[in-house]
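Subject: A structure for you to look at

Hi there,

Here is the structure I promised to pass on. Please open it alongside this email, and then read on for what was found in it.

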Amino acid sequence: MSTTFDYDIDQINTLIKNRRSIYPKDYETGKVIPDEIIWQILENANWAPNHKQTEPWRFTVFSGEGLKYFAELQAGIYKQYSGSKFNEGKYQKLLEQPLLCSHIISIGMKRNEENILPEVEEIAAVSCAVENMYLTATAYGLGCYLTTGGITYFKEAKKYFGLNENDRLLGFFYIGYVSKSFTTQSKRTPVATKVKWVNKF
Ligand SMILES: Cc1cc2nc3c(=O)[nH]c(=O)nc-3n(C[C@H](O)[C@H](O)[C@H](O)COP(=O)(O)O)c2cc1C
C-alpha cells in the first residue's frame, strides 16, 4: 500500500465535524438502503485499528423481515430478564423502533481465546470500528446512531448475537435514510480544554 496520500483534508474535517447521531423517528420508514452500501459500512469497520490484529468486532445485520425478528427478540429478552425494572413504555419502544429503520447492526466484541490483550483494548478497537461506520454512513448521506440501551448489557442476550460469555455486546447501530433535511445540533467544549501540551524539557 502506498503511503503517499492525496486526500481532500477540508472534506474529511467537515465529515468528522458534521457527523451526527440521527434517530429512527427521523428515518424514512420503508426506504431500504442497498446492501452494497451496508457492506461498504462493514468493510470500513473492518479496517479499524486493532492491537495484535485480533479484529475483535463481530456484527449481525438485521434487514427486511429480520427487523421484525430483531424487534421481537429484544423486546422478549427485555420482558423476560428485566425483572422489577420492567417498564411497559420501554418494552413498546423496543418492539416498535426497529421497524422505523432500514438496517440494524449489532455490535459485538469477541474476546481473543488466549486473552492476549487487556479487554479495554478490544473494546477500544470495536469503538474505532463504530466510528468508521458512523463516518461512512454520514458520507452516504444516511442517518445512523449507536444505542447502548435496551438489552445491550443483558448477559442473556449475548448468545443471540453470536457471542460467548467472555465476549461483550456493545450496542446496536441503527441506520436509515433521513426523512427530511435538517440541521442537527451537537456541541463540544473546545479541545484545548482537554489537552496538555508539553514542548519544553
Ligand atoms: C458508546 C455510546 C453509546 C451511546 N448510546 C446511546 C443511547 O443509548 N441512546 C442514545 O440516544 N444515544 C446514544 N449514543 C449517541 C450519543 O447520544 C451521541 O453520540 C451524543 O449525543 C452526541 O451527538 P452526536 O453523535 O450527534 O455528536 C451513544 C453514543 C456512544 C458513543
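Let me begin with a term: helices and strands here are DSSP runs, with at least four residues for a helix and at least two for a strand, and they are numbered from the N terminus. With that in hand, you can place Glu55, which sits in the loop between H2 and E1. Please keep in mind throughout that this is a predicted model.

**Two residues in one loop**

Glu55 has a positive phi of about 45 degrees, although Glu55 is not a glycine. Is Glu55 buried, partly exposed or exposed? Its relative accessibility is 36%, so Glu55 counts as partly exposed.

Gln53 also has a positive phi without being a glycine, with a value near 50 degrees. You will find Gln53 in the loop between helix H2 (35-45) and strand E1 (57-63). Gln53 counts as exposed because its relative accessibility is 60%, and the cut-off for that word is over 50%.

**The chain as a whole**

The protein chain has five helices and four strands. Following the chain from the N terminus, you meet them in the order α-α-β-α-α-β-α-β-β. Its C-alpha atoms fill a box of roughly 60 × 45 × 35 Å along the principal axes.

The chain has 201 residues, and 38% of them count as buried. About 12800 Å² of the protein chain is exposed, with 53% of that area supplied by carbon and sulfur atoms. Now take the contacts between residues at least 6 apart in sequence: 78% of these join residues at least 24 apart.

**The core**

In soluble globular proteins, nonpolar side chains tend to be buried together. The largest nonpolar core in this model has 46 residues, and the members that touch the most others are Phe161, Phe173 and Ile175. Several elements give two or more residues to this core, among them H2, E1, helix H3 (65-81), helix H5 (119-139) and strand E4 (168-177).

Which residues does Phe161 touch, not counting those up to four places away in sequence? They are Thr60, Phe62, Phe70, Leu73, Ser106, Ile151, Leu169 and Phe172.

**The ligand and its surroundings**

Next, try finding the ligand. The residues around it are Arg19, Arg20, Ser21, Tyr23, Tyr145, Leu146, Thr147, Thr148, Gly149, Ser186 and Arg188. This shell divides into three nonpolar, five polar and three charged residues.

Three side chains are good places to zoom in:

- Ser21 has a side-chain N or O atom 2.6 Å from an oxygen atom of the ligand.
- Arg188 places a polar side-chain atom 2.9 Å from an oxygen atom of the ligand.
- Thr148 has a side-chain N or O atom 3.0 Å from a nitrogen atom of the ligand.

On its own, the ligand has 620 Å² of accessible area, and the protein covers 55% of that.

**A closer look at Thr147**

Thr147, one of the residues around the ligand, is in strand E3 (residues 142-147). Is Thr147 buried or exposed? With a relative accessible area of 13%, Thr147 is buried, because that word applies to values under 20%. The side chain of Thr147 reaches the backbone nitrogen of Gly149 at 2.9 Å. Setting aside neighbours within four places in sequence, Thr147 is in contact with Thr152, Gly171, Phe172 and Tyr174.

Enjoy exploring, and write back with any questions!

Best wishes

Conventions:
Residues are numbered from 1 along each chain as its sequence is written. This is a predicted model: local features need pLDDT of at least 70, side-chain atom pairs count only at pLDDT 80 or more; totals for chains, interfaces and linings use all residues. Side-chain values use heavy atoms; hydrogens and water are left out. A residue is near a molecule or strand if one of its heavy atoms lies within 4 Å of it. A polar contact is a pair of N or O atoms within 3.5 Å; within protein, one must be able to donate a hydrogen and the other to accept it, and residues adjacent in sequence count only if both atoms are side-chain atoms. Accessible areas come from the Shrake-Rupley method with a 1.4 Å probe; for residues, only the protein chains shown count as cover. Ala, Val, Leu, Ile, Met, Phe, Trp, Tyr, Cys and Pro count as nonpolar, Asp, Glu, Lys and Arg as charged, and the others, Gly among them, as polar. Buried means under 20% relative accessible area, exposed over 50%, partly exposed in between (1.4 Å probe, protein chains only). Contact means heavy atoms within 4.5 Å. A nonpolar core is a set of buried Ala, Val, Leu, Ile, Met, Phe, Trp, Tyr and Cys residues joined through side-chain atoms within 4.5 Å.
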